[in-house]
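Trainee: I keep meeting labels and wondering where they come from. Can we go through a few together?
Mentor: Sure, let's put the structure up and start.

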Amino acid sequence: MSELNEVTDASGVIFFDKPLPPIRVPCDKNGDEDGPSLCFKDDGSRLIGLSSCLEQTQQRCMDGASPGCAEVASRSCGGKEVSSPWWKRWRKPVVSSQRESKSWEEREACENEVMNACLQSSRPKCGEYAMEICYRAYQEPLIRKHIE
């Protein structure tokens with residue numbers, strides 16, 4: 001297997017996974033003059049598409065909420081003074097009078113707690129957002145016989 005990857009990498013050939021079949025196919029909407037439209041093959045394919053949409057949309061929403069939660073955690077756990085940049089954690093303080101109100105360990109624990117709480121509170125909101133987006137697309141399922 002590794003020899004095949006080395007040969008394809010050297011030649012510039014990239015093998016992709018086999019594409020998935022489409023979940024919707026052309027169909028006739030009860031003889032409308034609009035012509036054919038896209039319909040689900042059956043109710044099972046519609047439900048698979050809906051669950052996949054919900055899962056992916058919620059995951060992307062949570063991925064987008066994570067940086068915001070990290071900033072909220074950093075600002076809320078920085079102490080009374082202006083919180084120092086993240087890179088100052090890896091160097092020792094030069095002047096002892098410029099101490100932070102919290103030790104780094106306390107601040108890390110506080111940030112982890114606030115971050116987890118923020119992510120937990122955004123999970124239901126992301127679920128609602130996913131339902132709003134996906135149910136709109138899958139609301140009126142057209143399940144018809146395939147046009148031949």
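Trainee: What makes Glu71 buried, exposed or partly exposed?
Mentor: Keep in mind that this is a predicted model. Glu71 has a relative accessible area of 43%. Buried means under 20% and exposed means over 50%, so Glu71 falls in between and is called partly exposed.

Trainee: Where is Glu71 found?
Mentor: Glu71 is in helix 2. Its C-alpha is 8.8 Å from that of Met115, though the two residues are 44 apart in sequence.

Trainee: And what does the chain look like overall?
Mentor: It has three helices and two strands, and from the N terminus on they run α-β-β-α-α. Of its 148 residues, 21% count as buried.

Trainee: Why are helix 2 and helix 3 called roughly antiparallel?
Mentor: Look at the angle. Helix 2, residues 43-76, and helix 3, residues 104-138, pack at about 150 degrees. The label needs an angle over 145 degrees, so the two helices count as roughly antiparallel.

Trainee: How far apart are the axes of those two helices?
Mentor: The axes of helix 2 and helix 3 are 6 Å apart, and their crossing is right-handed. As for the residues of that contact, 21 are nonpolar, eight polar and four charged.

Trainee: How many aromatic pairs turn up in the whole structure?
Mentor: A search finds one. The pair is Phe40 and Tyr138.

Trainee: How do you know that Phe40 and Tyr138 make a pair, and what kind is it?
Mentor: Their ring centres are 5.6 Å apart, and the limit for a pair is within 6.5 Å. The planes meet at 25 degrees; under 30 degrees counts as stacked, so this pair is stacked.

Trainee: What does the pair tie together?
Mentor: Phe40 belongs to strand 2, residues 36-40, and Tyr138 to helix 3, so the pair ties together parts that are 98 residues apart in sequence.

Trainee: Why do Phe40 and Tyr138 get the label they get, buried or exposed?
Mentor: Try the 20% cut-off again. Phe40 has 5% relative accessibility, so Phe40 counts as buried. Tyr138 has 13%, so Tyr138 counts as buried too.

Trainee: How do you know that Arg24 lies over the face of Phe40?
Mentor: Part of the test is distance: CZ of Arg has to be within 6 Å of the ring centre. Arg24 is at 5.9 Å. The direction must also be within 35 degrees of the ring normal, and Arg24 does count as lying over the face of Phe40.

Technical notes
Residues numbered from 1 in each chain as written. Predicted model: local features only at pLDDT ≥ 70, side-chain atom pairs only at ≥ 80, totals over all residues. Heavy atoms only, no water. Axes fitted to C-alpha atoms, helices over the stretch in contact; angles between N-to-C directions. Helix = DSSP H or I, 4+ residues; strand = E, 2+ residues; numbered from the N terminus. Parallel < 35°, antiparallel > 145°, perpendicular 65-115°, else oblique. Left-handed = near helix turned anticlockwise from the far one by under 90°. Nonpolar A, V, L, I, M, F, W, Y, C, P; charged D, E, K, R; others polar. Phe/Tyr/Trp six-rings, centres within 6.5 Å; stacked < 30°, edge-to-face > 60°. Buried < 20%, exposed > 50% of the residue type's maximum accessible area, 1.4 Å probe, protein only.
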